[in-house]
Structures are given as C-alpha cells and as structure tokens.
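Me: Could you walk me through reading a protein–DNA surface and a helix that has two sides?
Reply: Happy to; let's open the model and take them in turn.

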Number of protein chains: 2
Amino acid sequence: MKEGPDISRIAALIGDPARANILTALMSGKALTATELASEAGVTVQTASTHLAKLEAAEMIVCRKSGRHKYFTLGGDDVGHALEALMGLAAGAGHLRMRTGPKDDALREARVCYNHLAGAKGIALYQGLLGQGVVVENGDDVVLTDQGATWLREFGVDVDGLMRSKTPLCRTCLDWSARQTHLAGSVGRALLVRMQDLGWAKRVEGTRVVQFTARGEAAFTEVFGR
Amino acid sequence: MKEGPDISRIAALIGDPARANILTALMSGKALTATELASEAGVTVQTASTHLAKLEAAEMIVCRKSGRHKYFTLGGDDVGHALEALMGLAAGAGHLRMRTGPKDDALREARVCYNHLAGAKGIALYQGLLGQGVVVENGDDVVLTDQGATWLREFGVDVDGLMRSKTPLCRTCLDWSARQTHLAGSVGRALLVRMQDLGWAKRVEGTRVVQFTARGEAAFTEVFGR
DNA sequence: TTCATACTTCGACCGTAGCCGAAGCATATT
DNA sequence: AATATGCTTCGGCTACGGTCGAAGTATGAA
C-alpha cells in the first residue's frame, strides 16, 4: 500500500511556519546563529532550538560550532533545490506572503537565490548569456558552449576549476517573482562572486537583497544588455 | 523580516501523510478517482474528500468530472518536480518507509515515475542511451545528440513531433531506490510508451509497477545492454 | 420512481506538536 | 571565582487540524 520514500516527514518539517522561515533565511547561503534564526523566525530561542534540532536530525541543515555560537547552514544543494521548487509552487498558487515587506521590491529586482543571482537582474543576466551564445538552451536544460567557456575565462571566472569539480556547471532555476528561468549551477554562483569582486554589487547585510552600485549597473547593462 | 513566497503553506499540505500518499499515487501520471485515492491513502472517503478539496484549492491537483466519478491528476509539471525533489531529500535522509511492502522489489526493478521509466530498468535504459551516444551528459543536464534523434526515429519515436512541443526533451530524474539518475522529459516518456506499444512491458493495474514480458526483457537487454 | 453508487458536508472527538517560562549546561569574559 | 551570554531541556498549556460516523447531495441504473 505505502510505497516510496516518506515524503511527508520532511514536508511536514518544512510545513511549520517557524521552520520554513528558518530555512528561507538560510537560503541566503550565509551561516546564521541560533538566536539570529530565532528572531528571523519570530519565535523565542527555546522553540528555535528544538526546531533546529529537528532540522539537523533530518540533515536538512548542518551546524558548525565555534565557541559558544552555533552557525547553521543548509544541508546541501538538494535542500536548496527542493526549497526553490516549493517556492515556485507557492508563488504559482498565489500563496504569496500576506504582508509584503518593504524590501520586496528590492528582492524582485536582484537577490541571492541560495548562491546565485535571481530576480529581474538574474533573468537579464541569463538572457544576456543566451544572446551572446555563452550558454544554449535545450529544453529546460542549459549547456555551456566552448565559446562560452572562453568568454567566462575573459570575464575572470576560473572555468577550468569549476569543470574539475563534480557540481553541475549550469542549471536553470525558476524565479518565484517573475515566472521565468535564470541561471544556477556553479557557473551561476561564480558569476555572482565575480560581480561582487568587480565591485558591481554588494549584498545587503542580513537580507537576500543584492544592491548594485551605479557603476555596476552601467557595466552590467553594457555587458549583458538590459 | 519575512521575504519570499510562503513555502510553509504548501509544504504543510504535503506534510500530512494521507495527502502525501495521495500525491505519491498521482505521481504515476494516471487519473484516479476519489475512492481509489482514499484507499491508496489509507483513509475513509470523507477524509480523502476534504484532503482533495484542499489540494485542489492550492492547485496542486486538478479534477475532471465524468458522470458520478471525479478523476484527479497532478496540477502540473512543477508539482511533479517539487515532489521529486522532496523524494530525493527523503531518500537521502534515510527516511524510507518503515514497512516495505511486498511490491517493493518489483518497484525497485521497474516502475513508472510520473510518466517515464524508473528503477533498475530506468537506470539501465539511461546508461544504454549514454553508451550509444543517443544522449550526452553535461553536468546533471542531458542533451539529445543529432545521431540520437536518428536513433530514436528508427526505434519508432516521433522525435520531430516531440521537438515541436515546448516541453523539454530530456531531463534527469533522481531515483529514490538507487541513488542514480535516469531519463525523464518527453523523450523519457515517449520511450516508455514505445516499449509498451512494442509489447515489451505492461503496467500492473493500480500500482506503479512496470512488468516486463520475457520477450521484452530479452529485447531490452539486446538493445540497451545489461 | 426507487435504489445504488460516488462524493460532500456537518459535528464531535482526540492527539500531536508548537509554544513559552523557568531552570539547567556550557563556553567565554572579568 | 564570579558574571554574562548562547544554547538546551523540562513541564505544562493550548490550539489547530486530522479523523470518522452520520446525514446530505448528485448522478446513473433498474
């Protein structure tokens, strides 16, 4: 009768609002302490503690203790992917957050999606890469072209290093804000890092917002088109 | 404070065991009636009815009524993808079902995963296609080669028809039984259909099990190896 | 019309799990 | 040692939601 992996266990884990908030906060990719996560989730530290214990037992998050702090991060890329997929569903079903925060516009413009660029800027980036033949689409899969590898090298990305790693180079990721795809995978991550190194953009502390500088904005448009 | 779509709502929806069973049952891709789903989920029809109403309200499933029956199917591909992602997580965390049913071995051997072939046979199929250069891997993306299109045509698959459609040709899908990838996407689906047309395999009514005939087994090994 | 089947709604029961206050450890700082 | 900070455990309260029996609606068959 019952077959397959027990999907409901982990879904129930994500299903609690407090835990969902914790996980969403960790989608920023940054390591956060228990108290930070508690305030993020809107619960006391005690409750957060039990939640974190459960999430850790399920290997959805991992913790690294340093002194009297415990820093938490997402368990792995699979966890991020699953959360992204759920966000896509939630956005599609119109289940957006009730009170849309003041940062919502900024989030729609440019934000961090686990480790790569998302939002309007993320989509523009992807479209730009497609237009220049750096990557090509195949269904909803993306492939890095040979000329694309060269292009990336010139842009300052260590493509060969990425290729040695086992993590996939390119993946598509569906935006929950605009219903379009943008670029994830190690290339997507590397591009975000590179743009920060170039001083084009900075992350706004404590949020997932990515703030472009005036110069960065111009350079971005120059390279990727609007 | 709170940013992004409300992930917890739908996660909680999937988090209930009964609803999870319903969704898992619908992963077979077949349209099922309310009573069938009730027995599948192990609850009475009344409870199933309320669950179905909730799932439908969230657009996770759609229903088509015919006479006094109501046939339910998954809401869309996004739903399927999200469920797959969760299954991957659940399998990874070792949260497999407690009591493994009698059909479990058959499921591990060959089963329907939403609409394509999964299990040991699914993996063998994918490996065979890779070995013959019909598809090539790029990270965790898969691409159909030109020679692969020709091969498929000879195998009896209407590749050109598939290409005209907007749905992606090839996608990878992670098995929960063996932790390996197999082929999804419209090509994956078409191959399963073709094998059934050839009389190689039949679906066992009411389950996700795919039963290969002796002749089909031999032909499969012939064509794909292993 | 009458009966049977498929599904839905209502009402009441019950259990699980989230929540916080308070106390308990553990690690740093003085 | 004494104090402060970060995190965990315990106990009890509460509420939300899943569950089923029973009654109610819709559709098809006799």
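**DNA strand D and helix H11(B)**

Reply: Start with a base contact: in this predicted model, a polar side-chain atom of B:Gln46 lies 2.6 Å from a base nitrogen of DNA strand D.

Me: Which side chains have an N or O atom paired with a phosphate oxygen of DNA strand D?
Reply: B:His51 is one of them, with a side-chain N or O atom 2.6 Å from a phosphate oxygen. The side chain of A:Lys70 has such a pair at 3.1 Å.

Me: Which element gives the most to the surface near DNA strand D?
Reply: H4(B) does, with four residues. In total, 19 residues surround the strand, and the closest include B:Gln46, B:His51 and A:Thr35. Of the strand's atoms within 4 Å of the protein, sugar and phosphate make up 68%. By residue class, the surface holds ten polar, six charged and three nonpolar residues.

Me: Now the helix. Why would buried residues recur along it at a regular spacing?
Reply: An α-helix has 3.6 residues a turn, so residues three or four places apart point the same way. Here, B:Gly216, B:Ala219, B:Phe220 and B:Phe224 are buried in H11(B), residues 214-224. Looking down the axis, these buried residues fall within an arc of 105 degrees, so they line one face of the helix.

Me: What lies on the other side of H11(B), and what covers the buried residues?
Reply: B:Ala214, B:Arg215 and B:Glu222 are exposed on the other side. The cover over the buried residues includes helices H7, H8 and H10 and strand S11 of chain B.

Me: Which residue follows H11(B)?
Reply: B:Gly225, with a positive phi near 75 degrees.

Terms used
Residues are numbered from 1 along each chain as its sequence is written. Chains are lettered from A and ligands numbered from 1 in the order in which they are written. This is a predicted model: local features need pLDDT of at least 70, side-chain atom pairs count only at pLDDT 80 or more; totals for chains, interfaces and linings use all residues. Side-chain values use heavy atoms; hydrogens and water are left out. A residue is near a molecule or strand if one of its heavy atoms lies within 4 Å of it. A polar contact is a pair of N or O atoms within 3.5 Å; within protein, one must be able to donate a hydrogen and the other to accept it, and residues adjacent in sequence count only if both atoms are side-chain atoms. Helices (H or I, at least four residues) and strands (E, at least two) are DSSP runs, numbered from the N terminus. Ala, Val, Leu, Ile, Met, Phe, Trp, Tyr, Cys and Pro count as nonpolar, Asp, Glu, Lys and Arg as charged, and the others, Gly among them, as polar. Buried means under 20% relative accessible area, exposed over 50%, partly exposed in between (1.4 Å probe, protein chains only). The arc is that of the directions from the helix axis to the C-beta atoms. Contact means heavy atoms within 4.5 Å.
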